[in-house]
Amino acid sequence: RRLLGRSTVWKGLSTKTRGWFYDAYAVLATTSINSVYAAEAPQWNQVSLGVVAGTLKESGINDIDLSGGAIEGSILLNKSVFLAGRFEASSGDTTVNGSKLDADIYRTTVGIGYRYGVNETTDIYAKGSALSYKIDASYRTLEADDTSNGVSIGAGVRSMITHNVELGASATYIKFNDDDLDDDTDKELSAFAAYHFDEKISATIGYSKMDDVDFAELKGTYSF
């Protein structure tokens, strides 16, 4: 704008025409700033696919090393309310009294949440979910399975600390609807770091810990 003010052509324009140029300049500048903020805000419309590895700690037997995969996604219903879901399948084995024990674990969660933008780069959120955990086990000639359903409530934070790097953490309280469990409650603590290659593609490494199992995860995410 300062260079335009020194231009001979600019000085020859009428006051009204100069006003049009100033208005157009202001609109472009505002649009540019808003675009940067939008790009730096955490994305909520996304789907991801990843691999998981973890350890199941059961009383009376050796730890079971688990590996598998997970798919999850979330979508905004409006500026604040979002739906989220996740399905995870993992398996592993250990040796008990000289024989192999195999275990398959399936975890499914579906929930609804509310996000609040603290500023242009940081969101806090709360989420309530319905969940189902299923374990299939086989040992020698025996087979067994157990399913525990329940609900959870949690809160977390997501922040774009740079234009490409996002950090996040959450804490979740879980209540199972299973009278057979000695302890029908659990908690999950999670943290992640993501690198955004552009506005649509990102890679994430994460870690979560519950009372009897912990998981590490590497996933790719597509935002839409």
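Let's start on the outside of this predicted model. Asn 97 counts as exposed, because its relative accessibility is 68% and exposed means over 50%. You will find Asn 97 in the loop between β3 (81–96) and β4 (99–117). Its backbone has a feature worth looking for: Asn 97 has a positive phi of about 55°, although it is not a glycine.

A second loop residue is worth visiting next. Arg 140 sits in the loop between β5 (122–139) and β6 (142–160). Phi of Arg 140 is near 55°, again a positive value in a residue other than glycine. Is Arg 140 buried or exposed? With a relative accessible area of 56%, Arg 140 is exposed.

## The barrel

Now step back and look at the whole sheet. Ten strands make a closed barrel, in the order β1-β2-β3-β4-β5-β6-β7-β8-β9-β10, and their pairing is antiparallel. On average, neighbouring strands of this sheet are turned by 20° against each other, with direction ignored.

You can follow the barrel from strand to strand through its bridges. Here are some of the antiparallel pairs, each with one example of two residues that face each other as partners.

| Strand pair | Bridges | Example of opposite residues |
|---|---|---|
| β2 and β3 | twelve bridges | Gly 73 and Gly 85 |
| β3 and β4 | 16 bridges | Leu 83 and Ile 112 |
| β7 and β8 | eleven bridges | Leu 167 and Ala 193 |
| β8 and β9 | eight bridges | Ser 190 and Ser 208 |
| β9 and β10 | nine bridges | Ala 203 and Gly 220 |

Several of these pairs are joined by hairpins. How many residues link β2 to β3 in their hairpin? The hairpin from β2 to β3 goes through four residues. The hairpin from β8 to β9 also goes through four residues, while the one from β9 to β10 goes through three. In the hairpin of β3 and β4 there are two residues between the strands, and this is where Asn 97 takes its positive phi near 55°.

Strand β9 (residues 201–209) shows two faces. Its covered face holds Ser 202, Thr 204, Gly 206 and Ser 208. The uncovered face holds Ile 201, Ala 203, Ile 205, Tyr 207 and Lys 209. Two of these residues appear in the table: Ser 208 stands opposite Ser 190 of β8, and Ala 203 has Gly 220 of β10 as its bridge partner.

## A buried charge in β8

Glu 188 belongs to strand β8. Which side chain of opposite charge is nearest to Glu 188? That side chain is Arg 107, 4.2 Å away. Glu 188 is buried yet has no salt bridge, because a salt bridge needs a side-chain nitrogen of Lys or Arg within 4 Å of a carboxyl oxygen of Asp or Glu. Leaving out residues up to four places away in sequence, Glu 188 touches Arg 107, Tyr 133, Ser 170, Ala 171, Thr 172, Ile 174, Ser 208, Lys 209 and Met 210. Among these contacts is Ser 208, which you met on the covered face of β9.

## Aromatic rings and Arg 115

The model has five aromatic pairs. One of them is formed by Phe 82 and Tyr 125, an edge-to-face pair with 6.3 Å from centre to centre and 75° between the planes. Phe 82 lies in strand β3 and Tyr 125 in strand β5, so the pair ties together parts that are 43 residues apart in sequence. Both Phe 82 and Tyr 125 are buried. Together with Trp 44, Phe 82 and Tyr 125 form one aromatic cluster.

Next to this cluster in our tour comes Arg 115, found in strand β4. Arg 115 counts as buried because its relative accessible area is 16%, and buried means under 20%. What does Arg 115 touch? Not counting residues up to four places away in sequence, its contacts are Trp 44, Leu 76, Lys 79, Ser 80, Phe 82, Asp 123, Ile 124 and Tyr 125. That list includes Trp 44, Phe 82 and Tyr 125, the members of the aromatic cluster. Finally, Arg 115 and Lys 127 are twelve residues apart in sequence and 8.7 Å apart in space, from C-alpha to C-alpha.

Key:
Residues numbered from 1 in each chain as written. Predicted model: local features only at pLDDT ≥ 70, side-chain atom pairs only at ≥ 80, totals over all residues. Heavy atoms only, no water. Pairing = 2+ DSSP bridges. Axes fitted to C-alpha atoms, helices over the stretch in contact; angles between N-to-C directions. Buried < 20%, exposed > 50% of the residue type's maximum accessible area, 1.4 Å probe, protein only. Lys, Arg positive; Asp, Glu negative; His and termini not counted. Contact = heavy atoms within 4.5 Å. Phe/Tyr/Trp six-rings, centres within 6.5 Å; stacked < 30°, edge-to-face > 60°.
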